[in-house]
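Here is a walk through a two-chain model, taken piece by piece. Have it open in your viewer as you read.

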Amino acid sequence: MRRPVRIGAALLGVVGLLASAACSAQPQAVSKQTIKIVYQKTDSFTALDKVFQDAKQEFEAANAGVTVDLEPIQANDDDYGTKLALAQRSQDTAPDVFYEDTFKVRSDVDAGYLLKLDSQLASWDEWSKFNEGAKAAGRGDDGSIYAVPLGTDTRAIWYNKTVLQKAGIPLPWQPKTWDDILAAARKMKAVDPSVIPFSMYAGKGTGEGTVMQSFYELLYGTGSSLYSESDKKWVVGSKGFTDSLQFLKTLYDEKLSVTPADALDSNVWKKVFGQWLPQGKMGATVEGSYAPSFWQKGGSYEWAGYAQDMGVAKFPTQFGQDPGGVSMSGGWTLAVGAKTKSPDLAFKFLTTAVNKKNALAFDVNNSQIAVRTDVASDPGYQAANPFVKDVSDLVGVTHYRPATADYPKISLAVQQATEAVITGKQSPAEAAAEYDASVKKLVGDTKVMQK
Amino acid sequence: MAVRDSFGRGSLRHRSPIQRSLRRRLRLLPVVPSILLLALFMLAPVAWSIYASFTNAALSGKAALNPQWVGLDNYARMLTDSAFPLSAWLTVVFVAVSAILGQNALGLVIALLMTRSGGTTASLVGTVVVASWILPEIVAAFAAYAYFSQDGTLNQLLGMIGVQGTNWLYAFPMAAIILANVWRGTAFSMLVYRAALSQVPRDVSEAALMDGARGWQRLAFITLPIIRGSVATNLMLITLQTLAVFTLIWVMTAGGPSNASTTLPVLAYQEAFKLGDIGYGTAIASVLILIGMVFGAVYVRLIRGAKL
């Protein structure tokens, strides 16, 4: 019964890869001394490509006879995950080393895609240089380590000082409650109706961006949460959930954020980074600590003035309750494929790619928060952009997504709820009720709790 | 003729039944490669899709490692999933309005007009209509997106006459994808009908003309019955093509806003690849195959009827 599924899965994988046709352009030399590296590359994300190019040279020079086959996948985060998963399904297409989103680690470990790295890590002297909290990102449910983190991130409010100044808001700005945000946004709107005062993502168009850079900042600031780690259950029926939707509704109804049509465009973030903030047409937005990577020299939306014009503030809790701020963290890792024919060689390459020099280059070029202590203390890292300290401090109030196998579906249900509210299709209470019903249907009544 | 006939029959009579059946089988030999290719590339994926729809196969998680047989669970889920009925309805609307009504009727009208117009006009119109059809689907989809989007061609044209356009893809997603599919697919129907109309014997309609039949009467009672077979074939082909339209919708609206343009192929893709639930995604795809087969059966009956 399982065999046909595997064969079929392989077929599907092949079909999927043919259809995507984005990767594997070069003929694959099947030799034991070739290792295949799969990772993401887009027009606005080339930092990792550069790291792998350097690591390839370094590694091939040190290991004669070994060819490193780099196979970047050109796709956004969602599609990258899909293509990677399809490639994992067949021995012939599975990578030896690959770039893996932290929130997919646990579910992909369950799927048998990731190689357990415990024994290799034990004899790797640099593993002790990784900070303990970050190591957890690569841990499976069984407590073993399956992936090595490259960097992490936090989320904060990024605001344009000139727009706020024009509205008479004292700088540096630090809202204490949700109402402070609304008050400031209304002031900006009153002074110049053409600016977008405070943008927060919503809807399915921006995918994980909607939840990571918008909804969870709200939800986790109400004292509620998405998932109870202690009970291992999904939370439904919380007042915090409805309040968070209500906040988004207020923002969109009063036209304090972008129009709903813009919000549903999956490319809206490009306008935020590339046009609205640099041109002073947007007051503030909630975005990742990696924001400067777009504006710094060599970024996709170079903007020399960002260091002076932009400010960063932490996202407040609903009524200013403890701990006074909210942030969300994600980040990416490198992992070794479970189907690799040369696990030792693959792991050796992985260690080259995350050595101090390469990790530093990645963290600086991609504005990541360092996970290696030696990188974090490097003067080059601290001077990378003026905001490194501010966003690194947010690690103290940050939260992580519940990275279970059910998570992607729950996340979509949340995105759906935000979309229904900002487009006026449902009231916050109706959308929250529908979310509760979907969660119960998705994970079963035994895995939810009322809170 | 007579000689060959008697020769053939005579030789057959002298052969044993084994020889005869062998001969019949040998006759199949030339089509074996195409049958094998069809089985490998068409039947096998369909069979796998149907098989997978009875499992909980997934892209990630435990079910990716060991998919379990779940029987009819995926199909039962469709009945309780609010997205599915909406999606099935949108698919029917999309096929009925853009293919059966739009492409089919418009194709016929253009073909009829072309038979009456001069050679230059006909070839000019033909070129313009066919141009949208020969574009690769992804290019046509981007062109349609660029036409209907907020800062798109349509709104610029409207702006010139002082009308403030809306974001069509957001305000009227179904209308936008239906118009785009009509624009893209009409050429096919037009070509089929041009060929069919050229087969209509002129003396028949001339005789009707002599009897005093008006234009629409000749169309309804003479031309259409004669080309009934072509109509059925055309309907079958464009229905199946339109049922499977994915790229056009994905590029233009991605199924949104709020599932307002999520047809079954888009829903199947979302479930299987965005959410990694291959079991449910293939179940939706299997339903789509079933709908296609129902349409196909109806049209095949129409074609048979036409030939009698």
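Which residue takes a positive phi just after helix 12 of chain B? That would be B:Gly212, with a phi of about 90°. The helix before it, helix 12 (residues 202–210), is hardly covered, and the count of buried residues among its nine residues is zero.

Before going further, a word on confidence. This is a predicted model, and the predictor gives the complex an ipTM of 0.74 and a pTM of 0.78. For chain B, the mean pLDDT is 86, with 94% of residues at 70 or more. The start of chain B is another story: over residues 1–11, pLDDT stays under 50, and the model has zero contacts there beyond four places in sequence. Where pLDDT is low, the predicted coordinates should not be read in detail.

**Chain B overall**

Chain B is built with 17 helices and zero strands. Its radius of gyration comes out at 25 Å, well over the 19 Å that the globule rule gives for 308 residues, so chain B is more spread out than a compact globule. The C-alpha trace spans about 75 × 65 × 30 Å along its principal axes. As for burial, 35% of the 308 residues of chain B count as buried. Take the contacts in chain B between residues at least 6 apart in sequence: 69% of them join residues at least 24 apart.

**The nonpolar core**

In soluble globular proteins, nonpolar side chains tend to be buried together. Here the largest nonpolar core holds 192 residues, and the ones touching the most other members are A:Leu334, A:Phe349, A:Leu350 and B:Met252. Which helix gives this core its largest share? It's helix 11 (residues 173–198) of chain B, with twelve residues.

B:Met252 is worth clicking on. Leaving out residues up to four places away in sequence, B:Met252 touches B:Ala141, B:Ala144, B:Tyr145, B:Phe148, B:Leu169, B:Ala176, B:Ile177 and B:Ala180. Not far along the sequence comes B:Ala254, in the loop between helix 15 (247–252) and helix 16 (264–274) of chain B. We'll get back to B:Ala254 below, with the backbone oddities.

**Where the chains meet**

How many residues does each chain bring to the contact? Chain A puts in 30 residues and chain B 27. On the chain A side, helix 1 (2–20), helix 3 (77–88), helix 4 (105–110) and helix 20 (407–422) each supply at least two residues. Helix 1 of chain A gives the most to that side, with six residues. Sorted by class, the chain A side has 13 nonpolar, seven polar and ten charged residues.

**Two domains in chain A**

The domain assignment splits chain A into domain 1 (24–153 + 330–399) and domain 2 (155–328 + 406–450). Their C-alpha centres lie 29 Å apart. The two do touch: 22 residues of domain 1 of chain A are in contact with 24 residues of domain 2 of chain A. On the domain 1 side, the elements giving two or more residues are helix 3, helix 19 (388–393) and strand 13 (398–400) of chain A. That side has eight nonpolar, nine polar and five charged residues. Helix 3 of chain A also turns up on the side that touches chain B.

**Backbone oddities**

Most residues other than glycine have a negative phi, and most peptide bonds are trans. These four places depart from that pattern:

| Place | Feature | Value |
|---|---|---|
| A:Leu171 to A:Pro172 | cis peptide bond | omega near -10° |
| A:Asp322 to A:Pro323 | cis peptide bond | omega near 0° |
| A:Lys255 | positive phi, not a glycine | near 55° |
| B:Ala254 | positive phi, not a glycine | about 55° |

Where do they sit? A:Pro172 is in the loop between helix 7 (161–166) and helix 8 (178–191) of chain A. A:Pro323 lies in the loop between strand 10 (310–313) and strand 11 (327–329) of chain A. A:Lys255 belongs to the loop between helix 10 (239–253) and helix 11 (260–263) of chain A.

Are A:Lys255 and B:Ala254 buried or partly exposed? A:Lys255 has 14 other C-beta atoms within 10 Å, so it counts as partly exposed. B:Ala254 has 20 of them within 10 Å, so it counts as buried.

Definitions and conventions. Residues numbered from 1 in each chain as written. Chains lettered and ligands numbered in written order. Predicted model: local features only at pLDDT ≥ 70, side-chain atom pairs only at ≥ 80, totals over all residues. Contact = placed C-beta atoms within 7 Å. Helix = DSSP H or I, 4+ residues; strand = E, 2+ residues; numbered from the N terminus. Nonpolar A, V, L, I, M, F, W, Y, C, P; charged D, E, K, R; others polar. Domains from an automatic or database assignment. Rg over C-alpha atoms; globule rule 2.2 N^0.38 Å. Buried ≥ 20, exposed ≤ 12 C-beta atoms within 10 Å, placed from the backbone. pLDDT = per-residue confidence, 0-100. Core = buried A, V, L, I, M, F, W, Y, C linked by C-beta atoms within 7 Å.
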